[in-house]
Amino acid sequence: IPPKKPANKPIIKDTAKILPKPVIPKPKPLPPEVLKEDSTPIARKMTERKRAEQSRLTIDVDHIQLKLYDNGIVDNDTVSVFYNGKLLVSHQKLSEKAIELEIQLDKTTRTHEITLYAENLGGIPPNTALVVVTAGNKRYELHSKASLEENAVLVFEYEPKE
């Protein structure tokens with residue numbers, strides 16, 4: 001008896017193309033003209049709190065990068081971040097993964113402020129953040145703490161190179 005031939009199976013061609021992973025562009029610096037006074041409800045609430053200057057740096061570049069992390073134990077701290085009174089990010093949870101912000105400084109102003117507004121106190125009060133600042137080829141690690149009564153303010157004095 002001759003061996004039995006296998007039944008003809010239909011040939012299925014996979015027509016789906018393998019797509020490359022999407023490229024997520026880095027956030028572009030916000031131009032100074034976009035960063036004017038903010039009148040949103042959260043901005044009004046931010047101005048009602050006391051201000052606690054946490055650190056002051058002199059920088060000679062007009063572009064900075066911020067990376068915000070929960071400082072210490074990740075306990076669900078949530079913040080909103082402002083640059084010179086303008087909301088940049090709202091209700092962002094701090095964790096071991098950075099919240100990244102690129103900021104183009106307004107060259108017509110010498111003093112620039114980053115304000116961290118605590119949306120909550122997380123599991124362990126106060127709301128704490130590690131802010132890693134890159135300004136040109138310099139890197140700084142700043143620590144901040146905010147409460148429901150007081151904002152954390154980081155001040156940058158812009159002094160361009162001559």
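## A salt bridge to start with

Let's begin at Glu141, which counts as partly exposed because its relative accessibility is 45%, between the cut-offs of 20% and 50%. Glu141 forms a salt bridge with Arg139, and the closest N and O atoms of the two are 3.0 Å apart. Arg139 is exposed, since its relative accessible area is 54%. Keep in mind as you read that this is a predicted model.

Where does this pair sit? Strand 8 covers residues 138-146, and it belongs to an open sheet, which we turn to next.

## The sheet of four strands

Four strands build an open sheet with antiparallel pairing, and their order is 5-2-7-8. At its edges are strand 5 (99-104) and strand 8 (138-146), each of which pairs on one side only. From one strand to the next, the twist averages 25°. As general background, the strands of a sheet pair through backbone hydrogen bonds, in a parallel or an antiparallel way.

Inside this sheet you can follow strand 2 (residues 63-70) and strand 7 (residues 127-135), which pair in the antiparallel sense over seven bridges. To find your way along this pairing, look for Asp70, which stands opposite Ala129 in strand 7.

## The sheet of five strands

A second open sheet to explore has five strands in the order 1-9-6-3-4, and here the pairing is mixed. Strand 1 and strand 4 each have a single partner strand, so one side of each is left without a neighbour in the sheet. The twist in this sheet averages 20° from one strand to the next. It also helps to know that, in a regular strand, side chains alternate between the two faces of the sheet.

Now zoom in on strand 3 (residues 78-83) and strand 4 (residues 86-93), which run antiparallel and are joined by five bridges. Two facing pairs serve as landmarks here: Val81 stands opposite Val89, and Phe82 stands opposite Leu87. What lies between the two strands of this hairpin? There are two residues between them, and Asn84 takes a positive phi near 50°.

## A helix with two sides

Helix 1 (residues 41-48) has a buried side that includes Ile42, Ala43 and Met46. Seen down the helix axis, the buried residues fall within an arc of 100°, so they line one face of the helix. A general rule is useful here: an α-helix has 3.6 residues a turn, so residues three or four places apart point the same way.

What do the buried residues of helix 1 pack against? Their partners are strand 3, strand 4, strand 6 and strand 9. On the other side of the helix, Pro41, Thr47 and Glu48 are exposed.

## Salt bridges across the chain

How many salt bridges does the structure hold? There are seven. One of them joins Glu113 to Arg51, with the closest N and O atoms 2.8 Å apart. This pair links distant parts of the chain, as Glu113 is in strand 6 and Arg51 in strand 1 (residues 50-59), 62 residues apart. Glu113 is partly exposed, because its relative accessible area is 22%.

Glu157 and Arg110 also meet through their side chains, in a salt bridge of 3.2 Å from N to O. Glu157 lies in strand 9 (residues 150-158) and Arg110 in the loop between strand 5 and strand 6, so this pair ties together parts that are 47 residues apart in sequence. Is Glu157 buried or exposed? Glu157 counts as buried, because its relative accessibility is 7%, under the cut-off of 20%. Arg110, at 44%, counts as partly exposed. Both residues belong to a network of salt bridges that links Glu53, Arg56, Arg110, Glu157 and Glu159.

## A loop residue and its contacts

Finally, look at Ile124, in the loop between strand 6 (111-118) and strand 7. With a relative accessibility of 45%, Ile124 counts as partly exposed.

Which residues does Ile124 contact, leaving aside its neighbours within four places in sequence? They are Ile73 and Asp75. Ile124 and Ile73 are 51 residues apart in sequence, while from C-alpha to C-alpha they are 8.3 Å apart in space.

Terms used
Residues numbered from 1 in each chain as written. Predicted model: local features only at pLDDT ≥ 70, side-chain atom pairs only at ≥ 80, totals over all residues. Heavy atoms only, no water. Pairing = 2+ DSSP bridges. Axes fitted to C-alpha atoms, helices over the stretch in contact; angles between N-to-C directions. Buried < 20%, exposed > 50% of the residue type's maximum accessible area, 1.4 Å probe, protein only. Contact = heavy atoms within 4.5 Å. Salt bridge = Lys/Arg side-chain N within 4 Å of Asp/Glu carboxyl O. Arc of directions from axis to C-beta.
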